[in-house]
Amino acid sequence: MSVKRFLGANSREAMRQVRALLGDDALILANRPVEDGVEILAMADDTGDAMATSEPAAREAPPASRPAATAGSNGGLDWRAAHRASSGLMAQRAQPAVEAPPTRPAASVSTPQDFAALSQQLLGEMQEMREMLGQQDRAGPGPASDLRRRLLASGFGHELVAELLAALPSELAGTSLENQRAWLQRQLVARLAVASEPEALLDQGGVIALVGPTGVGKTTTTAKLAARYVMRHGPEQAVLVTTDAYRIGAQDQLRIYADLMGIEMHALEADRPLESLLPQLVDKHLVIVDTVGMSQRDRRLLEQIAHLRGDSRAVRLVLLLNAASQGETIDEVVTTYLQSARAVGGRLEDAILTKQDEAARLGGALDTLIRHGLTLHFVSHGQRVPEDLGLADAQELIREALEAGVPSPFADAQADESQASASRGAPALLGQGRALGSIWEMLHAQVPGFATLADAWAISSLPPSLHSERLAPLHERVPASVSTLLWARSSTLQGEDWVLPHLAVDDEGRPAVQPFPEHRLMAGQCARMEWAETTLGVSAHLLPRLPDARARAWLQARSSGWLSQAQGNSRVLYRAERLPLAGLANEAQAIEPALIRYRGQAAKVMLSRLDVLSYGAGEASGDALCAWFAEVRGRDSGMMLTRRYALSPAWWSIESGREALLKQLYNDELPTLARQASRQLAGHGPLAIDSELRVFMATGIAALALHLEHAEDDWAMDVRAHLLRLQAGRRPRRAKSLLEGLIQVLDAREAIRHFSEQAGR
């Protein structure tokens with residue numbers, strides 16, 4: 001009566017595991033969708049038969065006490081009848097019992113009531129098992145609830161919180177609180193835009209106008225910025241301008257700072273356009289304008305922003321935000337100033353955070369900066385000039401904000417999830433845009449060759465007549481951080497009319513996202529391998545078949561490692577006999593197994609090796625080789641997933657051969673994924689034709705999906721979470737699902753690029 005649990009990526013895979021362990025006659029007790037796929041509870045059919053047919057010939061009960069429906073064709077009890085009995089239906093239909101003398105001792109008699117009790121016990125055990133399996137979902141609030149409370153208590157708003165937690169990776173479930181909070185900080189840091197280069201705002205020069213509400217610290221910040229510039233470049237090329245004629249002593253305060261620094265200063269009436277002064281300052285590298293403070297609700301704000309427009313020189317608006325203000329107030333300030341800038345044809349993209357030392361919580365200010373996409377350049381934290389002005393550090397700001405995540409009488413830290421995930425329309429779309437930008441930046445920074453794939457996708461939007469011309473320069477690029485070349489077979493893929501290109505892989509076995517088509521390379525196996533070593537810098541080769549004797553000698557002379565795929569019927573010389581590899585598995589010596597991911601699931605690889613000699617036509621004596629044997633089994637189910645054979649030179653180290661074989665297994669799914677990508681791309685506009693560009697892109701996307709599935713770094717977990725979020729429902733961590741998400745991301749990126757180009761016309 002042993003009930004077993006099977007977990008598969010889908011129902012077909014789970015049923016395959018059931019049949020492999022329990023046979024085709026297994027009893028399916030329950031099935032349900034779970035986070036990692038589909039869960040099935042099953043038991044062997046002979047278990048039920050054993051209970052149902054226990055001494056069938058000895059059971060002689062009166063007809064009135066045992067309805068005919070309970071007898072099976074083999075004399076045993078029918079399972080459905082027993083189930084009815086266990087649920088009370090049998091008792092309702094039974095006639096009054098007629099007493100009869102027993103024919104056996106009571107202990108040996110098996111009655112319907114006995115089986116009903118056993119069935120009831122079995123159903124109870126099943127219920128307990130389901131409850132036990134579901135305890136992990138009911139045991140506690142989970143990481144999402146803890147992170148939500150922390151974010152809200154830190155001052156972050158519901159919209160951003162919902163956006164962040166919607167992409168919470170399932171891989172974080174069950175991990176430590178430190179890992180979960182590290183993930184949270186990483187997401188916020190990735191979204192908070194800071195200056196890409198220190199001092200870029202000042203070093204680039206131009207006209208900078210500081211705007212913001214009253215009392216935010218514009219005059220003091222103006223002096224701090226000027227002092228930083230003078231310390232780096234001297235006072236000759238800087239000038240200060242003030243338009244604040246309202247506050248008593250405002251112009252005198254800035255003039256004192258200018259005199260101390262030895263730089264030029266001009267005062268401008270509040271109703272006078274800045275353009276009236278700019279032609280006089282064309283020889284100055286940096287012009288800093290201190291504007292009059294104006295509330296976001298002041299009707300004159302639009303007029304003031306309009307006066308800051310420049311015709312002779314572009315004016316860069318920089319918004320100052322008070323970190324100590326409420327989040328709602330900061331959001332209103334940013335929204336109003338952005339709208340005013342757009343209304344007069346200006347652009348507001350930069351910000352400086354002031355009064356950091358006075359803020360109890362930074363979450364509101366940082367939340368606003370993230371959602372509106374402003375770039376933060378400096379943070380002010382005191383009155384001293386220029387000491388109390390520092391460069392914006394995203395890591396430090398987010399860390400400080402989250403450290404303040406303790407209960408507050410002014411923050412609703414216990415808001416429920418339904419409020420956090422309420423529909424928000426356009427803001428939700430903006431959140432998806434931020435997620436798309438985050439994915440794009442991480443892929444560019446972390447995946448070798450991704451820029452080439454992005455450029456190829458952009459080419460696909462051009463007329464087909466330009467594809468070959470524009471694709472040619474992409475073939476000349478060389479991906480970084482690769483050590484091995486995965487050589488594809490020269491035959492066409494099954495069901496396709498094109499050949500899979502070659503790919504470079506890194507030390508971890510993850511493919512670079514830049515294909516190398518066979519027809520683009522020179523002729524001859526040795527010539528192609530020499531190109532790979534000299535141009536790409538690879539030192540090992542994963543080959544689809546055993547190289548000939550000449551190529552093996554060439555590789556050995558260069559000390560270039562290699563490993564070739566082989567079939568079970570491939571013959572080698574062992575103890576002077578010509579034998580197939582499949583027949584030598586028992587002779588091989590086992591080595592350390594490996595834990596890997598294979599075709600979307602956790603697997604264990606049992607490895608062994610054997611010293612053999614090559615056997616080929618025209619070879620006088622065989623070369624010393626190492627035969628490799630690999631059995632890949634599911635880590636949880638123990639079910640055999642695949643068996644692989646390979647050959648490598650005997651002079652290559654065992655560890656090198658083992659790593660090469662694992663790299664080969666990592667990329668075993670590449671042809672299937674490339675075929676899937678090619679068929680999906682067939683419906684994308686001009687890519688409907690079968691072209692070299694289509695093969696290039698399909699292979700690159702397949703390689704990227706595999707790269708993401710195998711990468712265990714934090715950035716890869718984040719990207720996977722975003723990509724799987726794009727899929728309908730919950731999806732397991734599989735390259736197939738990641739591939740579909742990648743195509744959506746590339747499509748969306750290209751659509752945004754086209755929209756931006758059209759909007760700029």
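Two residues are said here to be in contact when heavy atoms of theirs lie within 4.5 Å. With that meaning, and leaving aside neighbours within four places in sequence, His710 is in contact with Arg510, Arg597, Tyr666 and Arg733 in this predicted model. His710 is found in helix H24, and because its relative accessible area of 12% falls under the 20% limit, it is classed as buried. The side chain of His710 also reaches the backbone oxygen of Tyr666, at a separation of 2.9 Å.

A second residue of this helix can be described in a similar way. Arg694 is found in helix H24, which covers residues 692-710, and Arg694 is buried, with a relative accessible area of 9%. A polar atom of the side chain of Arg694 lies 3.0 Å from the backbone oxygen of Ser678.

The protein chain as a whole comes to 26 helices and 21 strands. Of its 761 residues, 49% are buried. When contacts between residues at least 6 apart in sequence are considered, 69% of them join residues that are at least 24 apart.

Strands of a sheet pair through backbone hydrogen bonds, and the pairing may be either parallel or antiparallel. In this model, 8 strands form an open sheet with mixed pairing, and their order is S6-S5-S7-S4-S8-S9-S10-S11. Strand S6 (264-267) and strand S11 (389-391) stand at the edges, and because each has a single partner strand, one side of each is left without a neighbour in the sheet. From one strand to the next, the twist averages 25 degrees. At the edge formed by S11, the partner is strand S10 (residues 375-380), and S10 and S11 pair in the antiparallel sense over 3 bridges, with Val379 standing opposite Gly390 in S11.

Helices pack on this sheet, among them H10 and H13. Helix H10 (residues 218-233) touches strand S4 (206-211), strand S5 (238-242), strand S7 (286-290), strand S8 (315-322), strand S9 (348-354), S10 and S11, and the direction of H10 makes about 165 degrees with that of S7. Helix H13 (residues 327-343) touches S4, S8 and S9, and the direction of H13 makes about 165 degrees with that of S8.

Packing of one helix against another is illustrated by H18 and H19. The axes of helix H18 (residues 450-459) and helix H19 (residues 467-475) come within 10 Å and cross at roughly 170 degrees. Because angles over 145 degrees count as roughly antiparallel, H18 and H19 are described as roughly antiparallel to each other. On the side of H18 the meeting residues are Thr452, Asp455, Ala456 and Ile459, while on the side of H19 they are His467, Arg470, Leu471 and Leu474. Sorted by class, this contact of H18 with H19 has 4 nonpolar, 2 polar and 2 charged residues.

Antiparallel pairing is also found among strands later in the chain. Strand S18 (residues 589-598) and strand S19 (residues 601-613) pair in the antiparallel sense over 8 bridges, and Ala594 stands opposite Val605 in S19. The hairpin of S18 and S19 has 2 residues between the strands, and in this hairpin Arg599 takes a positive phi near 50 degrees. S19 is in turn joined by 11 bridges to strand S20 (residues 624-634), and S19 and S20 run antiparallel; across this pairing, Lys604 stands opposite Arg633 in S20.

The loop between S19 and S20 holds Ser614, which counts as buried at 2% relative accessibility. The side chain of Ser614 makes a polar contact with the side chain of Arg552 (3.3 Å), and the side chain of Ser614 also reaches the backbone nitrogen of Asp623 at 2.8 Å. Although Ser614 and Tyr574 are 40 residues apart along the chain, their C-alpha atoms are separated by 9.1 Å.

A loop residue with another degree of accessibility is Asn569, found between strand S15 (561-566) and strand S16 (571-574). Because exposed means over 50% relative accessible area, Asn569, at 59% relative accessibility, counts as exposed. Asn569 and Leu579 are 10 residues apart in sequence, and from C-alpha to C-alpha they are 8.4 Å apart in space.

Methods
Residues are numbered from 1 along each chain as its sequence is written. This is a predicted model: local features need pLDDT of at least 70, side-chain atom pairs count only at pLDDT 80 or more; totals for chains, interfaces and linings use all residues. Side-chain values use heavy atoms; hydrogens and water are left out. Helices (H or I, at least four residues) and strands (E, at least two) are DSSP runs, numbered from the N terminus. Buried means under 20% relative accessible area, exposed over 50%, partly exposed in between (1.4 Å probe, protein chains only). A polar contact is a pair of N or O atoms within 3.5 Å; within protein, one must be able to donate a hydrogen and the other to accept it, and residues adjacent in sequence count only if both atoms are side-chain atoms. Axes are lines fitted to C-alpha atoms, for helices over the stretch in contact, and angles run from 0 to 180 degrees between N-to-C directions. Angles under 35 degrees count as roughly parallel, over 145 as roughly antiparallel, 65 to 115 as roughly perpendicular and the rest as oblique. Ala, Val, Leu, Ile, Met, Phe, Trp, Tyr, Cys and Pro count as nonpolar, Asp, Glu, Lys and Arg as charged, and the others, Gly among them, as polar. Two strands pair if DSSP finds at least two bridges between them.
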